[in-house]
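The following note sets out points for discussion on the model shown below. Please read each point alongside the coordinates.

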Amino acid sequence: QSGGAIQAFAERGLSEEKAISQLARSAGIVILAASGTEQQAIEFKRLGHGVFTYALLQGLNGEADRNPSDRVITVSELETFLDRKVPELTKEYRGTTQYPQRYSRGQDFPIGIN
């Protein structure tokens, strides 16, 4: 059934074309982690995930798209969103903060389209 990917690729729209073009010109590596070496990643049943995963999914679903909204989520937009959202959620649900960690080299590139 993987041939369905070929059909989906052939039917992509203008925004997908732009994102693919940007990705083709970009090179880099990004590592995102839920917390540093001195912290524990926090999970809450009410969120249905760990805080980091919950925030990551929110970001990929469009909340990380910065103004002006172009419906394309880039790595730097997601990093900025996680840096703000994870401590905010852990402070709200636990009273203490958790800080995500990241490592990136190379240019910014799109990782999602809304």
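1. Glu-79 is a suitable place to begin. In this predicted model, Glu-79 belongs to helix α4. The residue is buried, its relative accessible area being 7%, which falls under the 20% cut-off for that class.

2. Which residue does the side chain of Glu-79 meet in a polar contact? The partner is Arg-102, and the polar contact between the two side chains is 3.1 Å. When neighbours within four places in sequence are set aside, Glu-79 is in contact with Val-30, Leu-32, Arg-102 and Ser-104. Of these, Val-30 and Leu-32 fall within the range of strand β1 (28-33).

3. Helix α4 also deserves attention for its part in the largest nonpolar core. That core has 14 residues, among which Val-51, Leu-82 and Val-86 touch the most other members. Two or more core residues are supplied by each of α3 (51-63) and α4 (75-94). The largest share, five residues, comes from α4.

4. Val-51 may be examined in more detail. Apart from its neighbours within four places in sequence, Val-51 is in contact with Ile-42, Phe-44, Val-86, Leu-89 and Thr-90. Val-51 and Val-86, both among the core residues that touch the most other members, are thus in contact with each other.

5. The geometry of α3 should be checked by eye. This helix has 13 residues, yet its end C-alpha atoms are only 15 Å apart. A straight helix would reach 18 Å at 1.5 Å a residue, and α3 is short of that value.

6. Which residues of α3 are buried? They are Val-51, Phe-52, Ala-55, Gln-58 and Gly-59. Seen down the axis of α3, the buried residues fall within an arc of 125 degrees, so they line one face of the helix. These buried residues pack against helix α4 and against four strands: β1 (28-33), β2 (43-44), β3 (49-50) and β4 (72-74).

7. The overall architecture gives the context for the points above. The chain contains four helices and six strands, and along the sequence these follow the pattern α-α-β-β-β-α-β-α-β-β. Among contacts with a separation of 6 or more, 66% are between residues 24 or more positions apart.

8. Finally, the figures for the chain as a whole are as follows. Of its 114 residues, 30% count as buried. The accessible surface comes to about 7600 Å², and carbon and sulfur atoms account for 51% of that surface.

Note on methods: Residues are numbered from 1 along each chain as its sequence is written. This is a predicted model: local features need pLDDT of at least 70, side-chain atom pairs count only at pLDDT 80 or more; totals for chains, interfaces and linings use all residues. Side-chain values use heavy atoms; hydrogens and water are left out. A nonpolar core is a set of buried Ala, Val, Leu, Ile, Met, Phe, Trp, Tyr and Cys residues joined through side-chain atoms within 4.5 Å. Buried means under 20% relative accessible area, exposed over 50%, partly exposed in between (1.4 Å probe, protein chains only). Contact means heavy atoms within 4.5 Å. The expected span of a helix is 1.5 Å times one less than its number of residues. The arc is that of the directions from the helix axis to the C-beta atoms. A polar contact is a pair of N or O atoms within 3.5 Å; within protein, one must be able to donate a hydrogen and the other to accept it, and residues adjacent in sequence count only if both atoms are side-chain atoms. Accessible areas come from the Shrake-Rupley method with a 1.4 Å probe; for residues, only the protein chains shown count as cover.
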